[in-house]
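Me: I should like to learn how to read the surroundings of a ligand. Please take me through an example.

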Amino acid sequence: MKKQRILVVGNGMVGNKLIDNLIQADHHHIDIMAFSGEPRLAYDRVHLTSYLTGNHAQDLALVDADYYQQHQVHFSLNDKVTQIDPLAQTVTTESGRLESYDKLVLATGSYPFVPPISGNDQEHCHVYRTLEDLDAIKRSSQRSRAGVVIGGGLLGLEAANAIQNLGLETHIVEFAPRLMAVQLDQEGGDLLRRKIEAMGVTVHTQKVTTEIVAGETLRYRMNFNDGSHLETDMIVFSAGIRPQDKLARAADIAVGERGGIEINQYCQTSHANIYAIGECALWQQQIFGLVAPGYQMAKVAAQHILSPEQTTPFTGADMSTKLKLLGVDVASIGEVHGKTEGTLSYTYKDDIEQVYKHLIVSSDKKKIVGVVLVGDTQAYSNLLQIRQNGMPLPNNPSVLILPNLVNDDSAAIGVEALPDKAIICSCFDVSKAAIKQAIISGCVNMADLKASTNASTGCGGCSALAKQVLDSELAKLGVEVNNHLCEHFAYSRQELSDLIRVQQIKTFEALLARYGNGHGCEVCKPTVGSILASFWNDYILQQEHLELQDTNDLYLGNMQKDGTYSVVPRIPAGEITPERLIVLGEVARDFNLYSKITGGQRIDLFGAQLNDLPAIWQRLVDAGFETGHAYGKSLRTVKSCVGSAWCRYGVQDSMECAIDLENRYKGLRSPHKLKFAVSGCTRECAEAQSKDIGVIATDKGWNLFICGNGGMRPRHADLFATDLDTTTLIRYIDRLLMFYIRTADRLQRTSVWLENLDGGIDYLKDIIIDDKLGLGAELEQAMADSISKYQCEWKTTLESPEKRQRFQHFINSSERDDGVQFIEIRHQKSPAPKGNTLEIDKPVTA
Amino acid sequence: MNNWLTICNIIDIAPNTGVCAKVGEKQVAIFFHKRTDALYAISNYDPIGKANVLSRGIIGSIGDRLCVASPLYKQHFDLQTGTCLEDPSVHINVYKVRQNSGLVQIHQ
Ligand code: SRM
Ligand SMILES: Cc1cc2nc3c(=O)[nH]c(=O)nc-3n(C[C@H](O)[C@H](O)[C@H](O)COP(=O)(O)OP(=O)(O)OC[C@H]3O[C@@H](n4cnc5c(N)ncnc54)[C@H](O)[C@@H]3O)c2cc1C
Ligand code: SF4
Ligand code: FES
């Protein structure tokens, strides 16, 4: 049988989705060819902005060439289709290709609308749609001080956020009287504006730009029709999108009055064998500017191409959105501009916390018509599900938007109540039934669920709800959500830590005998080692604890890729005398160690062989250094700025505070590493708000920030308490750290711990500040015990000849590892490339 | 050749940990599993991390197989067969080892 030939014009998010649907369903009877107008295959446009904050083009890619090739999908990059001949059933491309089709799919998306203002085509005027646009914006920003975004809709705000992050003074110019005019009402828009202005972005509403001319103080001047003007160096147009329908128009395919390729419920255009999907398509006079509806169209069209009789028709899509824009939570559901007759509405407004919620219900109080949420979007999933599934409203619908003061769940619908057909993840069209199905085929956690259904891997807006459904369904099946540490212990880390503390268990051996099975492994051993150390703080290289120590703890250094170690002495708060600095230099020179200043304000010496570690540390300990615990899941550094001692702005002695904190908590073993920082004033030179514990001086004392994180998933720390005196500051930190140590999961940083803590930061305040559980004194005592047992592990090790003995590569020879080899780079040694390491012991069997 | 080379005393190996022995030109990782009072010997070279480090790994059990987790990237190697659990096409050598009146000996 001849294969059906399908051409797909446009390889954006939706075009790619269609191809994926086709090959998943049947790739034996079809022959697919894709044309991409861009120099690459489909990428995640929804997360485009992350390209400016560190993601690379390949991180955003939705598909790679291999995948297409494997499934015999042909493609042509940078090759726009320029003409369709519906009679001959062929298309022509820019590069001169002529291809014929049985079915043609238009997935040409949309293009940014640039208002016809004179001067809109200058060098530093941009749009915000493709990776290339972002490259251009980045280049301009390097030569600009200020930037303007024209358009205060969803995308405009996102663009403004991006420009601000690029370090520019940022303005938004909007011709409507409010921001996000489509999704918000006037009050919601006003609150959003106040919040955004508080972030330092200037908003100009009701401004119509008439021309862009040369500026006097900055590069350009924008003149407005009310006679006013604004100067800027760079402009980004984000004044809406227009369906890319040129190609269709030229081929006499029906398009709407205001643009968009008309489609029926199967996504067919006026020509039955030509389909249109995604942002270029017009369904019942509507364009859908979101990816989820596009994905639904892709599904319908793919089904219709392969088996027309069995196609479920496209019936429109929900345009509800929930976003964080410039750090502000905003959500909108349904119809919010009072177009529906006879509605009733409820409003909740809190000027202190800056929250606005507006709920519109039908006249019989049975249905939700629309919702606007600004500043607090917690109610979003709940309200959306009620509306989408036509679920009954509570007698007094206002409880749906009132804050949950008494902490009861009367307003929550409870995921049990959701019908099976409820769509949980709209990006990937995953229903509650699909989640149940996934559980039956073995899925027990979010990672499994993501892998098997894709739920929560798109915009991410559904993740909380998806997890709730998953957990409740698992619970219903009697599957206990398994948080067992590993196959050797049927307990969570928190449960083990309680057992160890309450039963006074002092060794792994005893714990395994009473509560475990098998022989342990590299997961449970270090975890138990860490718990034992947190509570009893014995010397970690004591004979019975040795087997528990992970790679780095085992030899009190971080193992590098060639098996050598790094040496990181503690330099509290980064303060170091010239004498000690010289010692470090001498040690590095004498033992030929690669030297580097770390990101944690101290010095790391790399490439030490096992045999040399004791001699190196002897010199350091003799000079007064202590171990820096760079190898431990324990306190790393307390970064500090110079503070009031030197800095003309400093209001407290940040150095003294940081040094005290570092000395207080050094050696404390915890579920994951801990990082602190102290800044001497609000300029925050020590970056305390990205640390587990951040302290910032005020003229009255210290502000305490907690649970920040840098690293893989940065998290801004939360303000926990203000204007504390030093004693209170330390009391809170003592309690907080001990509570974290007792309750966190293995390798869970404080940021993730807080995010998973029921009740969140308010609960934590109850426990730490108000001492509601009456744990305060006990936690402080536990901390005091741990602190009293502190020892420098290197000092202890050096004092014992037997312990020193362990630091040899061979037990039966004083030779070194001859597999370790170095080359020289930039005047220092560096590990030789891996291919050069000697493989002395090649196995005989293959 | 059929001789046993003495490496060290059994008490030189901390319970449930490993040491590295030089056996001719070879590096052999020897583990003392106290819980079953048994010794195991495998090549010290981690073919995945490409460094001589296996003696410094944590030992334990996966199901009923005893294994060591490489300290570099944590792949497991079966202490009895030398097979990598994550990628069974990767094997490392295993050696005969015994306890003889308190001495640890390798067969070479
Ligand atoms: C040396 C250093 C990089 C440098 O050359 O500057 C470094 C080196 C390592 N980092 Fe780091 N990190 C260093 C500062 C940081 C910072 C910056 C900071 O602390 O201000 C961060 C981001 C801040 C944060 O952690 O919140 C950082 C985030 C990480 C992460 C990601 C943690 C996360 O929560 O996402 C890891 C991986 C992990 O811990 O699981 C990591 C792990 C590592 C390890 C331990 C990886 C390993 O196991 O081999 C590296 C070995 C250090 C060594 O051999 O001595 N390192 N690392 C820095 C040592 C600071 C110090 O003096 O102790
Ligand atoms: C910054 C940004 C943030 C966004 N955030 C969200 C969000 O949070 N949530 C959400 O749901 N949506 C969001 N969107 C919208 C979402 O990206 C779009 O809905 C989605 O990409 C539409 O997919 P599409 O395939 O229809 O169009 P596109 O992804 O635009 O793909 C169309 C492709 O067709 C190509 N093309 C056009 N004409 C031709 C031709 N003649 N020949 C060959 N190729 C052609 C184009 O070059 C383009 O590559 C965002 C968009 C942007 C720009
Ligand atoms: S945070 Fe303040 S006190 Fe510290 S160095 Fe910066 S400006 Fe000075
Ligand atoms: S709704 Fe977007 S990822 Fe689920």
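Me: How far is an oxygen atom of ligand 1 from an N or O atom in the side chain of Ser566(A)?

Reply: A polar contact is a pair of N or O atoms within 3.5 Å; within protein, one must be able to donate a hydrogen and the other to accept it, and residues adjacent in sequence count only if both atoms are side-chain atoms. Here the distance to the side chain of Ser566(A) is 2.8 Å. For Thr598(A), a side-chain N or O atom is 2.7 Å from an oxygen atom of ligand 1, and a polar side-chain atom of Lys673(A) also lies 2.7 Å from a ligand oxygen. In chain A, β31 (603–608) and β32 (635–640) are the elements that give two or more residues to the shell; strands are DSSP runs (E, at least two residues), numbered from the N terminus.

Me: On what basis should these values be read?

Reply: The model is predicted: local features need pLDDT of at least 70, side-chain atom pairs count only at pLDDT 80 or more, and totals for chains, interfaces and linings use all residues. Side-chain values use heavy atoms, without hydrogens and water. pLDDT is the predictor's confidence in each residue, from 0 to 100. For chain B, the mean is 92, and 98% of residues reach 70 or more. The complex has an ipTM of 0.70 and a pTM of 0.55 from the predictor.

Me: Which residues surround ligand 3?

Reply: A residue is near a molecule if one of its heavy atoms lies within 4 Å of it. Around ligand 3 these include Cys641(A), Cys647(A), Cys681(A) and Cys685(A).

Notes:
Residues numbered from 1 in each chain as written. Chains lettered and ligands numbered in written order. Helix = DSSP H or I, 4+ residues; strand = E, 2+ residues; numbered from the N terminus.
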